[in-house]
Amino acid sequence: MKLLSGYRLRHKIIAAATLISALSVSPSVLTAQTPSRYEAEAGIEFRPDWVFPTNPFFKGANRKKERIDFMGEGALSAQMKFGEGHKLYSSYPNLYQGFAIGLGTFSASGMVGSPKSLFLFQGNEVWRISDRLGMFYEWEFGASMGWTTNRTEPQNCVNGSSVTARLGLSLLLKYELSPRFTLTGGLDVTHFSNGNTRAPNAGTNVMGPRIALSYKFNRRSTLKPLTPNAPQERDTLTNKRLSYDLLAWGAAHKRYFADSDNKPQPLPGAFASVGICFSHLYSLTPNHSLGGSIDLQGDEA
């Protein structure tokens, strides 16, 4: 009888220990078995850019008689991409998009301004170099505010408005330092312009290196390549080789005439411009398409 009681007691102890072990499993182990549908990331970056001398104002035709050839900008960014739990992950494992807030300054900020930018960006992998290193492209579009205009700086023949559009393109190398941190470096080109909505509109173009450090919030705790090593099946939504894009747009712009001194002068008011673009694209890969387009444009001027 005592032997039977001891036998039962030992089995109860073993069962209790097994239950405690199961309950004490780390939550990260449990969640790792259910991949997230999205991955979030935040980063900080710095861009020391060279200003293209495309205007006499930048070459020294200003009140300080100084060349304006440097623009520095810092930015905070937030982005997301498809996680392994999303059905589009197999087709777009490295496609990401997000937004950023930037603060820039020039070597003569009093004459040009200190633009503050809010812009959207999107990027994708171009070439997988190693498990941790990849080459990416990234484009951005947004608005930039805080420019000095010719109304406060008469010799400034670059900007006629304090708010401009921002358009940029970057070629980047991304290296995974750890499962959470990524170091990014590359080259970027950025164009600032008011879209010819107010004169003058010579625009500002800058180019230079770009350095960034980012942190992933919900990346799985084990290191893995940014893209799967084995080729993945194309998603059913992106399985078709042929696709069509239709784009309609509208804008307002200024027109100019030459005065008696052969100097451009703006006509009063603004003129409307509308257009439509139809594209027929062939999918080379799940991430790249090639094709032709037909453009139609109408202008009030």
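**Strand pairing and nonpolar cores in a predicted model**

Strand β1, which covers residues 38–51, pairs with β2 in the antiparallel sense over 13 bridges. One register point for this pair is Glu41, whose bridge partner in β2 is Gln79. The model is a predicted one.

On to the next pairing of β2: eleven bridges join β2 to strand β3, residues 96–106, and these two strands also run antiparallel. Here the register can be read from Met80, whose bridge partner in β3 is Gln97. Strands of a sheet pair through backbone hydrogen bonds, in either a parallel or an antiparallel arrangement.

Ahead of β2 in the sequence is a loop that begins after α3. Lys65 lies in this loop, between α3 (56–59) and β2 (70–82). Most residues other than glycine have a negative phi. Lys65 is not a glycine, yet its phi is positive, at about 55°. Is Lys65 buried or exposed? Lys65 counts as exposed because its relative accessibility is 63%, and the cut-off for exposed is over 50%.

The nonpolar cores come next. The largest of them has 13 residues, and those with the most contacts inside it are Val51, Phe57, Phe58, Ile68, Met71, Phe106 and Val112. Two elements, α3 and α4 (109–112), give two or more residues to this core. Ile68 can serve as a viewpoint on the surroundings. Which residues is Ile68 in contact with, leaving aside its neighbours within four places in sequence? They are Val51, Phe57, Phe58, Asn62, Phe106, Ser107, Ala108, Met111 and Val112. Of these, Val51, Phe57, Phe58, Phe106 and Val112 are also among the core residues with the most contacts. A second core, separate from this one, has six residues, including Tyr96, Ala100, Phe121 and Leu172.

Further along the chain is an open sheet of three strands, in the order β9-β12-β13 and with antiparallel pairing. Its edge strands are β9 (242–253) and β13 (288–299), each of which pairs on one side only. Neighbouring strands of the sheet are turned against each other by 20° on average, with direction ignored. Within the sheet, β12, residues 271–285, pairs with β13 in the antiparallel sense over twelve bridges. The register of this pair can be followed from His280, which stands opposite Gly292 in β13. In a regular strand, side chains alternate between the two faces of the sheet.

Conventions: Residues are numbered from 1 along each chain as its sequence is written. This is a predicted model: local features need pLDDT of at least 70, side-chain atom pairs count only at pLDDT 80 or more; totals for chains, interfaces and linings use all residues. Side-chain values use heavy atoms; hydrogens and water are left out. Two strands pair if DSSP finds at least two bridges between them. Helices (H or I, at least four residues) and strands (E, at least two) are DSSP runs, numbered from the N terminus. Axes are lines fitted to C-alpha atoms, for helices over the stretch in contact, and angles run from 0 to 180 degrees between N-to-C directions. Buried means under 20% relative accessible area, exposed over 50%, partly exposed in between (1.4 Å probe, protein chains only). A nonpolar core is a set of buried Ala, Val, Leu, Ile, Met, Phe, Trp, Tyr and Cys residues joined through side-chain atoms within 4.5 Å. Contact means heavy atoms within 4.5 Å.
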